[in-house]
Amino acid sequence: MSRQLTIGEVAERSGIAATALRYYETRGLIASDRAGSGHRRYPRSVLRRLAFIVFAQRVGLTLREIEETLASLPGDRTPTRADWSTLSARWRTRVDEEIAQLERLKSAMTDCIGCGCLSLDRCALANPDDRAAAAGPGPIVLRDARA
Ligand code: FES
């Protein structure tokens with residue numbers, strides 16, 4: 001069996017702070033054994049699991065979504081090359097959707113530049129596609145914000 005890694009070694013190799021590693025462990029994203037001294041000892045595969053977590057966060061997944069994804073792998077295993085290939089293909093759609101949303105935001109901002117009205121019912125940033133009109137009369141946006 002290969003030598004296990006201390007939390008300091010994992011932090012150094014992954015670039016993730018020890019505090020974050022402990023937090024990931026409390027969330028069940030990674031696991032360690034306890035040495036006789038009570039110190040955490042991680043299997044080397046934790047580095048691949050951490051890489052998966054970092055990449056998933058860059059794609060925009062929340063820790064909860066990452067937890068669910070990791071838990072969905074057979075035997076709660078460390079993601080294999082095939083797992084990563086499948087999941088990254090699925091996440092590409094998500095990235096495309098986020099790009100489209102940012103393009104819409106950019107387009108809406110074009111109307112705001114030089115405007116300054118900050119109108120909750122007319123400004124496309126506050127009321128995209130005039131959604132507030134469908135919700136009824138009055139200050140829908142402010143009413144919803146107070147609720
Ligand atoms: S601030 Fe006037 S349209 Fe956005």
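Q: Which residues of H3 are buried?
A: This is a predicted model, and in it Val46, Arg49, Leu50, Phe52, Ile53, Ala56 and Val59 are the buried residues of H3. They pack against H1, H2, H4 and H5.

Q: How do you know that the span of H3 fits a helix of 14 residues?
A: Count one step of 1.5 Å for each residue after the first. For H3 that gives an expected 20 Å, and its first and last C-alpha atoms are indeed 20 Å apart. Right after H3 comes Gly60, with a positive phi of about 110°.

Q: Does the same check work out for or against H5, and why?
A: For it. H5 has 32 residues, so at 1.5 Å a residue it should span 46 Å; its end C-alpha atoms sit 45 Å apart, which agrees. H5 too is followed by a glycine with positive phi: Gly114, near 85°.

Q: Which residues of H5 are buried, and what do they pack against?
A: Asp83, Leu87, Trp91 and Ala108 are the buried ones, and the buried residues of H5 pack against H3 and H4.

Q: Why is Asp83 called buried or exposed?
A: Buried means under 20% relative accessible area. Asp83 comes in at 10%, so it counts as buried. Leaving out neighbours within four places in sequence, Asp83 is in contact with Leu73, Arg77 and Thr78.

Q: What makes up the largest nonpolar core?
A: It has 23 residues, and the ones touching the most other members are Leu21, Tyr24, Ile30, Leu50, Ile53 and Ile66. H1, H2, H3, H4 and H5 each supply at least two residues of this core, and H3 gives the most, with 6. As for Leu21, its contacts beyond four places in sequence are Ile7, Val10, Ala11, Ile16, Ile30, Tyr42 and Leu50.

Q: Why is the link between Glu65 and Arg94 called a salt bridge?
A: The cut-off is a Lys or Arg side-chain nitrogen within 4 Å of an Asp or Glu carboxyl oxygen. The closest N and O atoms of Glu65 and Arg94 are 3.1 Å apart, a salt bridge. Glu65 lies in H4 and Arg94 in H5, so the pair ties together parts that are 29 residues apart in sequence.

Q: Are Glu65 and Arg94 buried, exposed or in between, and why?
A: In between. Partly exposed lies between the buried limit of 20% and the exposed limit of 50%. Glu65 has 25% relative accessibility, so it's partly exposed, and Arg94 at 25% is partly exposed as well.

Q: What makes Glu65, Arg94 and Glu98 a network?
A: Salt bridges link them. Besides the Glu65 pairing, Arg94 forms a salt bridge with Glu98, with the closest N and O atoms 3.6 Å apart. Glu98 and Arg94 both lie in H5, 4 residues apart, or about one turn of the helix. Glu98, at 34% relative accessibility, is partly exposed.

Q: How many salt bridges does the structure hold?
A: There are 6. One of them joins Arg3 and Glu9, whose closest N and O atoms are 3.0 Å apart. Glu9 has a relative accessible area of 22%, so it is partly exposed.

Q: Which residues make the nonpolar surface patch of about 360 Å²?
A: Leu102, Leu105, Met109 and Leu125 make it. Leu125 sits in the loop between H5 and H6.

Q: What makes Leu125 eligible for a patch?
A: Patch residues need over 30% relative accessible area. Leu125 has 37%, so it is partly exposed and clears that cut-off.

How values were computed. Residues are numbered from 1 along each chain as its sequence is written. This is a predicted model: local features need pLDDT of at least 70, side-chain atom pairs count only at pLDDT 80 or more; totals for chains, interfaces and linings use all residues. Side-chain values use heavy atoms; hydrogens and water are left out. A nonpolar core is a set of buried Ala, Val, Leu, Ile, Met, Phe, Trp, Tyr and Cys residues joined through side-chain atoms within 4.5 Å. Buried means under 20% relative accessible area, exposed over 50%, partly exposed in between (1.4 Å probe, protein chains only). Contact means heavy atoms within 4.5 Å. Patches are made of residues with over 30% relative accessible area and no salt bridge: like charges are joined within 9 Å, nonpolar side chains (Val, Leu, Ile, Met, Phe, Trp, Tyr) within 5 Å. Accessible areas come from the Shrake-Rupley method with a 1.4 Å probe; for residues, only the protein chains shown count as cover.
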